[in-house]
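Dear colleague,

Please find below the structure that I am handing over to you. My findings follow it.

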Amino acid sequence: MTSNRDQAAPAVRLRFDGPVDQETLAYARTKIDAVVRRAGLPAVTGEVRIVRAGARHADHPWLATADLRVGGRQVVVVAEEATGREVVDQLQDRLRRRTDKIAHIRDDAHRTTAPPWRGGDPQSA
């Protein structure tokens, strides 16, 4: 079956382990896509993994890890919470902070040269 709509596969893969419900996965996909598909952000690839522990006695049975490649930089984020929505929200906050930092880092071509008294090239002054 073919479709007229272009549907690109998500560059960030979402995996899960344990008894994770579909509602939590859909919520996670929306939140992760909101972070990685922002304008001005370099290409993002990688994997997000959500795990729900089977042990009922665990204080924080939900664990989410993100191992992403943003442009040429690696971002690893871990979140641990009591519910699925909380762990996804915490993961989103941490991912947004880390990717914001990367988006604002400029490469060496945009930096000015240091003056000679700070060890820069004496001929450029």
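**Findings in the predicted model**

Of the 125 residues in the chain, 28% are buried. Please bear in mind that this is a predicted model. The chain exposes about 8,900 Å², and carbon and sulfur atoms supply 48% of that area. Among the contacts with a separation of 6 or more, 48% are between residues 24 or more positions apart.

As to the overall fold, the chain contains 2 helices and 4 strands, and these follow the pattern β-α-β-β-β-α along the sequence. The 4 strands form an open sheet with mixed pairing, in the order 1-2-3-4. Strand 1 (12-17) and strand 4 are the edge strands, each of them pairing on one side only. On average, neighbouring strands of this sheet are turned by 10° against each other, direction ignored.

Within the sheet, strand 2 (residues 44-52) and strand 3 (residues 62-70) run antiparallel and are joined by 9 bridges. Gly46 stands opposite Leu68, which belongs to strand 3.

Both helices should be described in relation to the strands. Helix 1 (residues 22-36) packs on the sheet, where it touches strand 1, strand 2 and strand 3; the direction of helix 1 makes about 150° with that of strand 1. Helix 2 (residues 84-104) lies across strand 2, strand 3 and strand 4, and runs at about 155° to strand 4.

Two residues deserve a separate mention. The first is Arg52, which is located in strand 2. Is Arg52 buried or exposed? Neither term applies: its relative accessibility is 34%, so Arg52 counts as partly exposed, because that class lies between the limits of 20% for buried and 50% for exposed. Apart from its neighbours within four places in sequence, Arg52 is in contact with Asp17, Gly18, Pro19, Val20, Pro61 and Trp62. For one of these residues, Gly18, the C-alpha atom is separated from that of Arg52 by 5.1 Å, although the two residues are 34 residues apart along the chain.

The second is Val76, in strand 4 (residues 73-81). With a relative accessible area of 45%, Val76 is partly exposed. Together with Leu63 and Val78, Val76 makes a nonpolar surface patch of about 210 Å². Membership of such a patch requires over 30% relative accessible area, so Val76, at 45%, passes that limit.

Yours sincerely

Definitions and conventions. Residues numbered from 1 in each chain as written. Predicted model: local features only at pLDDT ≥ 70, side-chain atom pairs only at ≥ 80, totals over all residues. Heavy atoms only, no water. Patch = residues over 30% accessible without salt bridge, like charges linked within 9 Å, V, L, I, M, F, W, Y side chains within 5 Å. Areas by Shrake-Rupley, 256 points an atom, 1.4 Å probe, with all protein chains shown as cover. Salt bridge = Lys/Arg side-chain N within 4 Å of Asp/Glu carboxyl O. Buried < 20%, exposed > 50% of the residue type's maximum accessible area, 1.4 Å probe, protein only. Contact = heavy atoms within 4.5 Å. Pairing = 2+ DSSP bridges. Axes fitted to C-alpha atoms, helices over the stretch in contact; angles between N-to-C directions.
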